[in-house]
Each structure stands twice: as structure tokens, then as C-alpha cells.
Amino acid sequence: MQVILDIINSTFKPIIDMGSGVVMLIVMTVLAMAFGVKFSKALEGGIKLAIALTGIGAIINILTGAFSESLQSFVENTGISLNIIDVGWAPLATITWGSPYTLYFLLVMLIVNIVMIVLNKTNTLDVDIFDIWHLSITGLLIMWYADKNGLPIVFSIIVATFAVILVGVLKIINSDLMKPTFDDLMGTGSSSPMTSTHMNYMLNPIIMVFDKIFDKFFPGLDKYDFDAAKLNKAIGFWGSKFFIGMILGFVIGIMGDPHLSIDSIKNWFGLGFTAGACLELFSLIGSWFIAAVEPLSQGITNFANSKMSGRRFNIGLDWPFIAGRAEIWACANILAPIMLIEAVLLSKVGNGILPLAGIIAMGLTPALLVVTRGRLLRMIIFGSLLLPLFLLSGTMIAPFATELAKKVGAFPDGAQAGSMITHSTLEGPMEKLFGYVIGQATTGQISAIITFLFFTVFYIGIFAWYAKEMKKRNAVYESKNNN
């Protein structure tokens with residue numbers, strides 16, 4: 001295997017050295033054509049992805065360059081260590097796709113999905129190709145630890161592959177389990193093929209534990225729930241991304257330079273406007289990624305339908321097809337200041353992230369919507385309780401993300417030497433912890449191996465319980481549809 005990997009790396013390294021934009025232009029174009037997409041559409045998708053990656057990189061450099069001095073001053077003035085830069089999801093995607101192993105994990109999961117479909121273990125065709133990077137991070141994290149512990153590359157690849165397959169299989173099964181809930185939330189009925197294989201929904205089992213506790217002990221609080229659409233309308237521009245960004249810029253500026261002077265106020269406004277612009281642009285360019293993979297997704301769908309005609313498939317998409325639900329944004333608006341407060345309070349017990357690019361918690365709110373079925377009060381309470389888990393996992397992977405970013409040439413130019421990067425609300429915090437405990441187990445220490453075994457049993461066990469609960473929910477949906 002090492003010989004094969006060496007050949008692959010020597011073949012593709014010159015291309016990879018040209019940068020992530022060129023790599024993804026080639027990868028997306030070739031993959032789409034392989035699935036029958038005509039050259040012009042395949043090339044269009046590849047170019048869109050390359051432009052999106054380039055745009056995100058430029059925004060991150062602006063953001064980190066503008067904030068690095070204030071953040072450093074804040075750390076020096078207060079002693080609060082929140083010096084890990086929150087760069088958001090897109091740079092992490094860029095970094096992960098810069099590794100050749102991401103393509104390997106993509107191939108593995110394409111095969112796994114096909115096998116599951118052939119064996120009738122799923123009805124979902126996962127076309128959310130780009131988001132394989134979420135799974136890849138787990139695999140790459142394991143390999144990173146294994147390498148630091150001096151283990152052979154073949155061993156680390158095998159262990160990482162098994163972990164990726166386990167999480168990937170559960171992720172696909174989850175997409176089947178969620179399908180009736182998506183139908184209900186969107187009001188489309190069972191005729192809709194849409195579901196999601198996105199990693200953020202792998203937090204559903206943990207959220208369901210909170211939901212069952214709420215059902216048991218606090219059911220009366222549901223009468224105080226409120227309408228999300230009305231809340232968003234009432235909040236107005238105060239809950240917009242540009243306003244939240246501006247306030248964050250003000251806060252960071254004041255923390256770094258609390259003196260009331262003309263120069264200080266000018267700096268506060270400058271940081272506020274910069275942050276507001278960057279948060280708006282993050283959202284805009286994020287939509288480019290979805291458009292970029294559309295030709296490939298359609299090609300895979302057409303290929304599957306032509307080879308298995310007559311069988312009805314669910315289509316596993318990225319999460320934003322459900323983004324029209326107002327609860328997602330109302331909850332995110334409320335959780336943003338809560339996360340900032342929690343980040344400061346937790347700075348003495350392990351958190352090193354000052355939330356910025358991930359302050360709009362899209363790695364959490366869609367899952368809250370699905371499990372609670374839009375009960376906003378529950379979404380806010382559960383979200384507040386779960387945000388520390390994201391901060392913990394984001395802090396934990398920062399050394400790995402930083403080293404990988406430097407290795408693939410994607411570390412922000414504006415960041416100071418010695419600083420680290422991460423994403424404060426990176427999807428799949430449990431899967432990142434899973435990668436961590438597996439990585440620690442590669443040391444061979446008995447305590448680390450026992451921790452890995454306990455975590456694995458818990459991870460699989462809670463998903464099995466969650467699947468049972470979702471099947472009960474789906475049986476109720478089916479009964480209603482039949483009446």
C-alpha cells in the first residue's frame with residue numbers, strides 16, 4: 001500500500017503544489033465527466049469551486065489580518081487565552097481537500113454507499129460529495145496522531161478507514177431515519193426525495209437525549225414556546241449577520257484597546273465593518289460551494305437511476321435545503337451572544353477559541369430543528385448546553401488543523417507566527433472526539449485503549465437507541481399518512 005501511495009503522491013504532488021483551487025478544478029471536472037456530465041457543465045462546476053475556494057481564502061486573510069493585533073493585545077491585557085483563530089468551515093474544507101487522502105476517503109464512501117444500496121441497507125444516494133471533508137477530518141486526525149506516535153502509515157490508513165466507514169455508514173442510515181421528519185418540516189409529503197447526509201445531523205442522538213429529558217421533566221415549558229418567524233421579524237436587522245459581525249468587531253476592538261480616544265473608536269468601527277462584511281461574504285461564498293457540486297451530484301443521480309431503474313431513492317443533500325425554516329435562524333441569532341459569553345467563561349477550563357467565523361452556529365441549529373421539530377424554546381436551551389462541546393472539540397483539533405493547513409499551504413497569511421486555527425462550530429464534534437480517542441489509543445497505553453473502547457460502545461449504543469426512537473416517530477408519521 002505504501003508503494004501505491006508513494007506513486008500517487010509523486011504523480012499528483014505537482015498538481016497539489018499548485019494550490020487547492022487548481023486541484024479542485026481538476027478533481028471536480030474529471031469526476032463529473034466520469035459520471036456522464038458533459039464537459040462544459042463539468043468544467044463550470046470545477047471553476048465555480050476553485051473561485052469559491054479562492055474567495056474564502058481572501059476573506060480569511062482579511063479577517064485574520066485585521067483582528068490579529070487586537071486579539072493579541074486582548075490576551076496580553078487580560079491573561080485570557082483565546083488566541084485560536086476561528087476561521088469557519090470553508091477554510092477547514094480547503095485544508096482538508098488539500099490532502100490526497102480526502103479523495104481516498106471519498107472513493108471508499110462511494111463504494112460503501114453503493115454496497116449499502118445494493119444490499120438494501122439504505123435507500124439514500126449520498127450526492128453531497130463535497131462534504132466528504134467532514135468525514136475526512138476524522139480520518140486525517142487519526143492518521144496525524146498515529147504518525148506522531150511513530151506508527152507505520154499503512155496501519156494508520158487502515159485504522160482511519162475503518163473509523164471513516166463506521167461513521168459514514170451511520171451517517172447514511174441517519175439520512176433514511178430523518179426523511180419523514182424532513183417531509184413533515186417542509187410540508188412536501190413523502191413524494192419528496194430530499195434528505196440529508198450532512199455531518200451536523202450526527203449530533204441528533206445527543207440532542208434526542210436532551211429532548212427525552214425535557215419530555216419527562218419539563219413538558220409544561222412547551223406552552224411558553226414562541227413563533228420563530230415573528231421573532232426574526234421583530235429582531236429585524238439586529239439579528240442580521242452583518243450587524244452581529246459589526247458587534248463582534250466592536251467587542252474585539254474594545255477588548256484589545258479599551259481606551260476611549262478618537263484613534264481607538266476609529267479602530268473599533270474599522271474592525272466592526274470588516275467583521276460585518278466578512279460574515280456576509282462567508283454566507284454568500286458558502287452558497288457557491290453548493291452550486292459548484294451540483295453538476296457532479298446530478299451526474300451521480302442520473303447514473304444510479306439508469307443502473308437501478310424502477311427503484312425509488314432518497315437523495316442525500318447538503319443541509320441548506322431546509323434553511324427556509326425560520327427556527328434555524330432565530331435560534332442561531334440567540335445562540336451567537338450566548339456562545340461568546342460561554343467562550344470567555346470556559347477560557348480557564350480548556351477553551352482557546354474566540355468565536356468569530358463560526359458564531360452563526362450552522363453546525364448545530366439544523367440538527368436542533370430536526371430533533372425538536374421546530375420547538376424553538378427547546379432548540380435554544382439544548383443549543384446553549386451543547387455549544388461547549390463544539391468549543392472543546394474545536395480547541396482539541398486546533399494543533400492538527402494548524403499543522404495540516406501549513407502543510408498544504410493554506411494557513412492564513414495574516415495570522416501571527418505561533419497562532420493556531422480552527423472552527424468554533426465545526427460539524428460533528430462527537431466524531432472529532434472519536435478521532436481523538438482513537439488517535440490517543442495508537443499510543444498503546446492501556447488507559448487510552450480502554451477510553452477508546454468505552455467511547456466506541458457509547459457512540460454506537462446511543463446511535464442505536466436514537467435509531468429506535470426515530471423509527472417510533474416514523475411509524476407515527478406513516479400511520480397519519482395512511483389515515
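Let's call a residue buried when its relative accessible area is under 20%, exposed when that figure is over 50%, and partly exposed in between. Arg 378 has a relative accessible area of 1%, so it counts as buried. Keep that arginine in mind, because we'll come back to it after a look at the whole chain.

What you have on screen is a predicted model. The chain runs to 483 residues, and 54% of them are buried. Its secondary structure adds up to 16 helices and 6 strands. On the outside, the accessible surface is about 20,800 Å², and carbon and sulfur atoms own 67% of that. If you take the contacts with a sequence separation of 6 or more, 81% of them join residues 24 or more positions apart.

Now back to Arg 378. Its side chain forms a salt bridge with Asp 211, with the closest N and O atoms 2.7 Å apart. Asp 211 sits in helix 8 (residues 204–217) and Arg 378 in helix 14 (residues 376–407), so this pair ties together parts that are 167 residues apart in sequence. Both Asp 211 and Arg 378 are buried. The arginine also meets the side chain of Asp 215 in a salt bridge, this one at 2.8 Å, N to O. Asp 215 is in helix 8 and Arg 378 in helix 14, so here the pair ties together parts 163 residues apart in sequence. Asp 215 has a relative accessible area of 32%, so it is partly exposed. In general, side chains of opposite charge can pair when their charged atoms come close.

The chain has 9 salt bridges by this rule, and another one to look at is in helix 3. There the side chains of Lys 48 and Glu 44 meet at 3.0 Å, N to O. These two are 4 residues apart in helix 3, so about one helical turn separates them. That spacing fits a general point: an α-helix has 3.6 residues a turn, so residues three or four places apart point the same way. With a relative accessible area of 32%, Lys 48 is partly exposed, and Glu 44 is partly exposed too, at 31%. Add Lys 41 and you get a network of salt bridges linking Lys 41, Glu 44 and Lys 48.

Just ahead of helix 3 (39–78), in the loop that follows helix 2 (20–34), you'll find Gly 36. Its relative accessibility is 66%, so Gly 36 counts as exposed. In sequence, Gly 36 is 267 residues away from Phe 303, yet in space the two are 7.5 Å apart, C-alpha to C-alpha.

Moving along to helix 5 (residues 100–118), you can pick out Leu 107. Leu 107 belongs to a nonpolar patch on the surface, together with Ile 111, Ile 114, Val 115, Val 118 and Leu 119. Between them, these residues put about 550 Å² of accessible area on show.

Last stop: helix 7 (residues 153–186). Its 34 residues reach 46 Å from first C-alpha to last, close to the 50 Å expected at 1.5 Å a residue. Where does helix 7 bend? Look at Met 178, where the bend is about 40 degrees, with the proline Pro 180 following within four residues. Just after the helix comes Gly 187, which takes a positive phi of about 70 degrees.

Definitions and conventions:
Residues are numbered from 1 along each chain as its sequence is written. This is a predicted model: local features need pLDDT of at least 70, side-chain atom pairs count only at pLDDT 80 or more; totals for chains, interfaces and linings use all residues. Side-chain values use heavy atoms; hydrogens and water are left out. Patches are made of residues with over 30% relative accessible area and no salt bridge: like charges are joined within 9 Å, nonpolar side chains (Val, Leu, Ile, Met, Phe, Trp, Tyr) within 5 Å. Accessible areas come from the Shrake-Rupley method with a 1.4 Å probe; for residues, only the protein chains shown count as cover. A salt bridge is a side-chain nitrogen of Lys or Arg within 4 Å of a carboxyl oxygen of Asp or Glu. Buried means under 20% relative accessible area, exposed over 50%, partly exposed in between (1.4 Å probe, protein chains only). Contact means heavy atoms within 4.5 Å. The expected span of a helix is 1.5 Å times one less than its number of residues. The bend at a residue is the angle between axes fitted to the seven residues ending there and the seven starting there.
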